[in-house]
Amino acid sequence: MVFPAPIAVLVNALGFALLVSTKFLWGRRFGGGKAVKVLKSYKPVSKFMDFEGTGNKWMLVLLRFIPFVPLGMVSRAYGTTEIKPLPYVCLSVLGFLPRLVLWSFVGINIFDPFTPSFIVPIVILLVVSGIAMLVYNALSE
């Protein structure tokens, strides 16, 4: 709402990178705690995340696509793996970027809620979220 679209996306991406970095480093320093226990309890997720190795990078991207997966829990869990911080942050931003871009456009057009420039990004968000959940369900079977 405050910035033009490209700057809004950049500001949001930097804020998101800071958020996931903080939680990742927390997991690296103090362990995953309950986050890892919860994720390990879901066998398909635990299998794909590769807790004993460097962590499954593409599962990380997919988990960032899915709207109901808690950001902090995934970040702390990946903090317990051997993945390096920079690739982790880049892949997290990559997975979350479609939502960042679309929400930025929603925010820019917040004062015109009945225009296509407000409604279309929301519809795209719903479609992308639905596809991500379908892929997640297919992988977990």
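**Note on the predicted model: helix packing, selected residues and a nonpolar patch**

1. In H1, the buried residues are Ala-5, Ala-8, Val-9, Ala-13, Phe-16, Ala-17, Val-20, Phe-24 and Gly-27. The model in question is a predicted one. The partners of these buried H1 residues are helix H4 (57–65), helix H5 (71–79) and helix H6 (85–108), against which they pack. As background to such a pattern, residues three or four places apart in an α-helix point the same way, because the helix has 3.6 residues a turn.

2. The geometry of H1 was checked against its length. Helix H1 covers residues 5–30, that is 26 residues, and at 1.5 Å a residue the expected span is 38 Å. The C-alpha atoms at its two ends lie 37 Å apart, so the expected and modelled spans agree. After H1 comes Gly-31, with a positive phi near 90°.

3. Ser-75 belongs to helix H5. Ser-75 counts as buried because its relative accessibility is 0%, a value under the 20% limit for that class. Which residues does Ser-75 contact, leaving aside its neighbours within four places in sequence? They are Val-20, Lys-23, Phe-24, Arg-64 and Tyr-88. Among them, Val-20 and Phe-24 are also on the list of buried residues in H1, and the buried residues of H1 pack against H5.

4. Arg-99 sits in helix H6. Is Arg-99 buried or exposed? Its relative accessibility is 12%, and Arg-99 therefore counts as buried. A polar atom of the Arg-99 side chain lies 3.0 Å from the backbone oxygen of Arg-64. Not counting residues up to four places away in sequence, Arg-99 touches Arg-64, Phe-65, Ile-66, Pro-67 and Leu-125. Arg-64 thus deserves a reader's attention twice: Arg-64 is touched by Arg-99, and Arg-64 is also in contact with Ser-75.

5. Pro-67 lies in the loop between H4 and H5. With a relative accessibility of 38%, Pro-67 counts as partly exposed. Apart from neighbours within four places in sequence, Pro-67 is in contact with Arg-99 and Ser-129. The C-alpha atoms of Pro-67 and Val-120 are separated by 18 Å, the two residues being 53 residues apart along the chain.

6. Helix H7 spans residues 116–140 and includes Val-127; Val-128 is located in H7 as well. Val-127 has 47% relative accessibility and so counts as partly exposed. Val-128 is also partly exposed, because its relative accessible area is 22%. From Val-128 to Leu-39, 89 residues apart along the chain, the C-alpha separation is 23 Å.

7. Val-127 also contributes to a surface feature. Where is nonpolar side-chain surface gathered into a patch? A nonpolar surface patch of about 460 Å² is made by Ile-119, Val-123, Val-127, Ile-131, Val-135 and Leu-139.

8. Lys-34 is in helix H2, which runs over residues 34–41. Lys-34 counts as exposed, because its relative accessibility is 69%, and the limit for that class is over 50%. Measured in sequence places, Lys-34 and Ile-122 are 88 residues apart, while their C-alpha atoms are 33 Å apart in space.

Conventions:
Residues numbered from 1 in each chain as written. Predicted model: local features only at pLDDT ≥ 70, side-chain atom pairs only at ≥ 80, totals over all residues. Heavy atoms only, no water. Patch = residues over 30% accessible without salt bridge, like charges linked within 9 Å, V, L, I, M, F, W, Y side chains within 5 Å. Areas by Shrake-Rupley, 256 points an atom, 1.4 Å probe, with all protein chains shown as cover. Salt bridge = Lys/Arg side-chain N within 4 Å of Asp/Glu carboxyl O. Helix = DSSP H or I, 4+ residues; strand = E, 2+ residues; numbered from the N terminus. Buried < 20%, exposed > 50% of the residue type's maximum accessible area, 1.4 Å probe, protein only. Expected span 1.5 Å × (residues − 1). Contact = heavy atoms within 4.5 Å. Polar contact = N/O pair within 3.5 Å; in protein donor to acceptor, adjacent residues only side chain to side chain.
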